[in-house]
Amino acid sequence: MIPHLRLLAAPRPCLLLAVCILAGSWTFAKAHATNGTKIGLLDIVTDELNREFSALKAKGDPPPYYMAYEVTEEQSTTESATLGALISDSQSRTRGFDTTIRIGSPAFDNYHPYKDSRIQFTHFAQISLDDNPNEIRRSLWVETDRVYRGASRRLLQIKTDQQLLADDKEKNADFSVDPAVKYVRDPEQFHVNREDWAKRVRQWSGEFKSHEKILSSGVEFEARRNLVTFVNTEGSAIQTGSNLFRIVMQAEALASDGMSVADFDSIEAADPAHLPSDKVVMDRVKVLAKKVDDLVVAPPAEPIVCPAILSGRASAVFFHEIFGHRVEGHRQKDISEGQTFTKMLGTKVLPDFISVTFDATRENYKGNDLIGHYDYDDEGVKARPVKVVEDGVLKTFLLSRSPVGEFKESNGHGRRQPGFEVVSRQSNLLVESTKSVSSKELRARLIEEIKKQNKPYGLYFEEVSSGYTTTGRRGLQAFTVVPLVVYRVFADGRPDELIRGVDIVGTPLASFQKILATSDKAEVFNGYCGAESGSVPVSAVSPAILVSEIETQKKQNAQEKQPLLPRPEFK
Amino acid sequence: MKKRVVTALALGGMFNTLAWSADAPAIQNDVQLRAMVDELARTKTLQLNNLDKPYFVQYAISDSEEILILASLGGILTSSYGHSRSPHIEVRVGSAQFDNTNSVFSGNARFGSLPIDDDYAALRTEFWLGSDAVYKSSTDQITRKRNAAREMAEVDQTPDLSPAKPLVDLEPPSHLAIDQHQWEEILRRASAKFTAAPSVSQSHVRFRTISSSYRVVNSEGTIFRIPQDLSDVTIYAEALAPDGNKVWNYRAMVGLTAASLPSGEAVEKMAERTAADLESLVKAPVSEDYSGPVLFEQEAAAQMLAATLEDAIRLQRKPVAPPNSNSSQILESVWATKVGSKVLPEWLSIIDDPLKQDFQGTELAGFYKVDDEGVAAERVVLVDKGVMKGFLASREPVKTIAASNGHGRLPGLWGTELAVPGNLFIEASEKTPEDQMKAKLIEKAKAAGLKFGLLIRRLDFPSAAGGEELQSMGRQLQKGGVSRTLNSPLFAYRVYLDGHEELVRGLRFKDFSAKDLRDIDMASDKPYVLNYVNNGSGFNHADSGQSATTSSVIAPSLLLDSVDLARAENEPGKLPLVPAPALMAQQ
């Protein structure tokens, strides 16, 4: 598995241009009354959970010891445009559920890791948007039967298989004891005026019309409201949810040698009132368009090892990839994993001036909403701040209800995209530094370092699009982040020079040791992180960092030929 | 409700083959057409160094609005409205004799989505970039094709594109005008009917209506805008029989527009009937192998013909492929070499006539005037008095077929268009009264020394068989060495010599193809109209594939002398441990 972080919209033209157009209306949102009495979703799901659990406990061989249903309803509105014309105007509402059945005992159950065998029992099964007890109970029943069959099959199989192993090293229990929770919070409902947003994205995307070199561009607005209902057989009953409003803009062009150059910008908020004014968005579109124009004519990068500054957003991705993924708890149990940090608890893994906290309870950072925020994770465990690294020393891991060594309880990081099995995932990553200097000072330190190392230049990474890291043993345990906007910084006072086609390469442990200092101003990166349990929203907050050495490679060049005909001209 | 309008506007009469001018108001007022006309003029001039030039360019936009509602047991699962525009850009390089299509390197180029605003500049920009990419890819395809052809001992000399007359036909654009809430209510009520059917484990009712305007402009002077509409209501239900086998029932009601669909009450009745029929199927005994006379009654006869004729009445050609690459297996028509020969009893004829809008007052969903390639639909006599006369054709020439007869209706393989029936009429000159067909079946069974004959009232067509069923069926066919068969019967009855009927389940056809139609012994005097959604997939599996069109088969009940069916070989699983939750009564 290759975990990766990506933007809300990757800067590929097809993604924004080929958005699914199927739209929905949720005018039928009001619950459909049956026989005059309205039965809520929570009651319907709880009743069926109890009925299934007692029947399976009585008749199942082997019987389950734990069950849970998680219903996720997603309501979304999308307006996207290119060159001033609307491409998609859609609304959709879907509701489905995931089923968890644990068979055996918490010490050894059907989720027990075994070699590379993939664990996947649930699938996101669609249910009625109306709170219709007949339909919902039937769907739960059909799906529970399917999941139970798969779960019991795997348990019986791995019970035998693990006896055939030379030495079953995995001694951790499979499921932790965590308290039952009752919690209900209805996320605020905002009115989204589709016509207004359509008008805005048309206007913003129209700005790209005056940039002849830009071949593909777009601006998209999305409003998304998630409602989650979680019940388990330990008595937990949770109804919660979240809102996300986002504006994503992207543009792509071809340099003269056929290399694709692109940049993006995005704005996220949990409340539309937190979004910037139309004018601010337009200004950001203009800056983006100008940047892509500049990238087209920028010189290509050469491979180099040199000192560099990563902007706050760039280092946020850097930390997410090279650090965050390696402290996810389940990776410490999986024998196929690299287990970089498994035996390093209590030892120094980062420079001693750096601490890292994962805090899902944090809703925003200095006015920026953090999309990695949640109240309860997907196993019904309450979110809490978790200081993973204190003064450079590794203290704990990100934990779901899958115990790791001395950590027998979850710390609220069991997450998934609907349709996937839960594993431990990141939330809001916050990098704190005690060795911070002003941005100006950080730049002076970079120049000092360039001179000291006698390098022709250093690098400044302003914007990165995404990254991926391999944590498995099979591949090289390296990371790559894909920078979009990079400058050469010269020691002799020449102005910075924008370059294109840079990739950062490196191995994790070595990179941590090369952080010399940080700036005193943190920046926020919001994105979607993809891994075993699907795509989940995450945030990373970090100050800019100065590293003594970074290795870059040339980006792959598709050598795509420019369009043969000039752009059509219009009167 | 808007009706399909037959009159041509602005540019003169129907199928006007006169030259038109881009300045014509009808084109100037249609932003999508104008953008295509203007950009196509530039695309014709594309040339990269000394590489092949375009000799044929065609642009199309499917501008569609779609409403989809899915309901189960009285609850709405999905209710969506969407508007999208999908372009199709074709840039053929080389010449009509030898171009970049018809090789294993060829593909159909469809490009993402176009703006849904009538924005001339944005539309043209998309066509500009799309054409550039398609042209570059076409030059690559023709080079690969040439290289493959150089290595082949014998290359098919058939041209790659048949000539067609330029066609001009601008009909009013199609617009969706239905009440989504009203259909939600109909579906809630209809799907709730299954709450009274305790053995049904899963069920749903789906409504779909697509209102599409199809616009095409090409470098031969063709320009048209026609409606391409489709609406259907489908009902699906499944249950586990006591032996653990899954049984299902599927009904589809198809019309061009939502106005031609049955009323809400009729949909509810159909749901009730679907549930009741499935309950009977659950209780029905499993049939043993059967070999003997079969009466395909009404709907089943039309389904049987739709399934067997689809690939018998078109020819497909083998794409150019590197020698021994074995990458292009095409199942050839069983009638490919039969032109001039007898393929049916001499009292049967088959005609495809897309231009018929209705049959004895029933709407024909296979009606259209212009195909996807801009060729006017023609009436084609396929079989005349039992003798094979011709095939349905698109603009892809195949050996004996040099010109299209306006049947290119679905995207085919290798950059070509697939010929698909419109309205297929099976006409009998010798007829037996419908009410005597069953007696004839009994006579035949008796003569064959059987205790009963087999009467089939409905086939699984379009097929709603699940993945497991299809796999199991595939294994059984492979074991029997069978390459072609027919969709399984959904409702088959033993008709005993005393006339009483017994529903049986679990039968599959053995070998069955259009060749077996020679064994048709009798046709009734009552034609049945089957309107169906055709997607060109195997067994016309419901909702397979990216594209679909509508076809009709008009056929009487048919009695066949001898048909072989086998008991389905399934490995049924155990029934669920937990009994189904009790259902609450719903109004």
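This note goes through a predicted model, beginning with chain A as a whole and then turning to its domains, its partner chain and one pair of helices.

1. Chain A as a whole. In this predicted model, chain A contains eight helices and 25 strands. Of the 571 residues in chain A, 51% are buried. If one takes the contacts in chain A between residues at least 6 apart in sequence, 79% of them join residues at least 24 apart.

2. Division into domains. The domain assignment splits chain A into domain 1, which covers residues 4–297, and domain 2, which covers residues 304–554. Between these two parts of chain A, 51 residues of domain 1 are in contact with 43 residues of domain 2.

3. The side of domain 1 that touches domain 2. In chain A, the elements that give two or more residues to this side of domain 1 are the strands β1 (4–6), β2 (64–82), β3 (85–105), β7 (214–232), β8 (237–254) and β9 (260–269), together with the helix α5 (278–297). The largest share, six residues, comes from β9(A). Sorted by class, the residues on this side of domain 1 of chain A are 24 nonpolar, 13 polar and 14 charged.

4. Contact between the chains. Chain A also meets chain B, and here 52 residues of chain A are in contact with 45 residues of chain B. On the side of chain A that touches chain B, at least two residues each are supplied by α1 (13–17), α2 (41–59), β3 and α3 (133–161) of chain A. The helix α3(A) gives the largest share of that side, with nine residues. As for class, the side of chain A that touches chain B has 24 nonpolar, 16 polar and twelve charged residues.

5. Where does β3 of chain A appear? The strand β3 of chain A gives two or more residues to the side of domain 1 that touches domain 2, and β3 of chain A also supplies at least two residues of the side that touches chain B.

6. A pair of helices, α2(A) and α3(A). At what angle do the axes of α2(A) and α3(A) cross? The two axes come within 10 Å and cross at roughly 35 degrees, and the crossing is right-handed. From α2(A), the contact is made by Ile44(A), Glu48(A), Glu52(A) and Leu56(A), while α3(A) brings Pro133(A), Ile136(A), Arg137(A), Leu140(A), Trp141(A), Thr144(A) and Tyr148(A). By class, the contact of α2(A) with α3(A) is made up of seven nonpolar residues, one polar residue and three charged residues.

Definitions and conventions
Residues numbered from 1 in each chain as written. Chains lettered and ligands numbered in written order. Predicted model: local features only at pLDDT ≥ 70, side-chain atom pairs only at ≥ 80, totals over all residues. Domains from an automatic or database assignment. Contact = placed C-beta atoms within 7 Å. Helix = DSSP H or I, 4+ residues; strand = E, 2+ residues; numbered from the N terminus. Nonpolar A, V, L, I, M, F, W, Y, C, P; charged D, E, K, R; others polar. Axes fitted to C-alpha atoms, helices over the stretch in contact; angles between N-to-C directions. Left-handed = near helix turned anticlockwise from the far one by under 90°. Buried ≥ 20, exposed ≤ 12 C-beta atoms within 10 Å, placed from the backbone.
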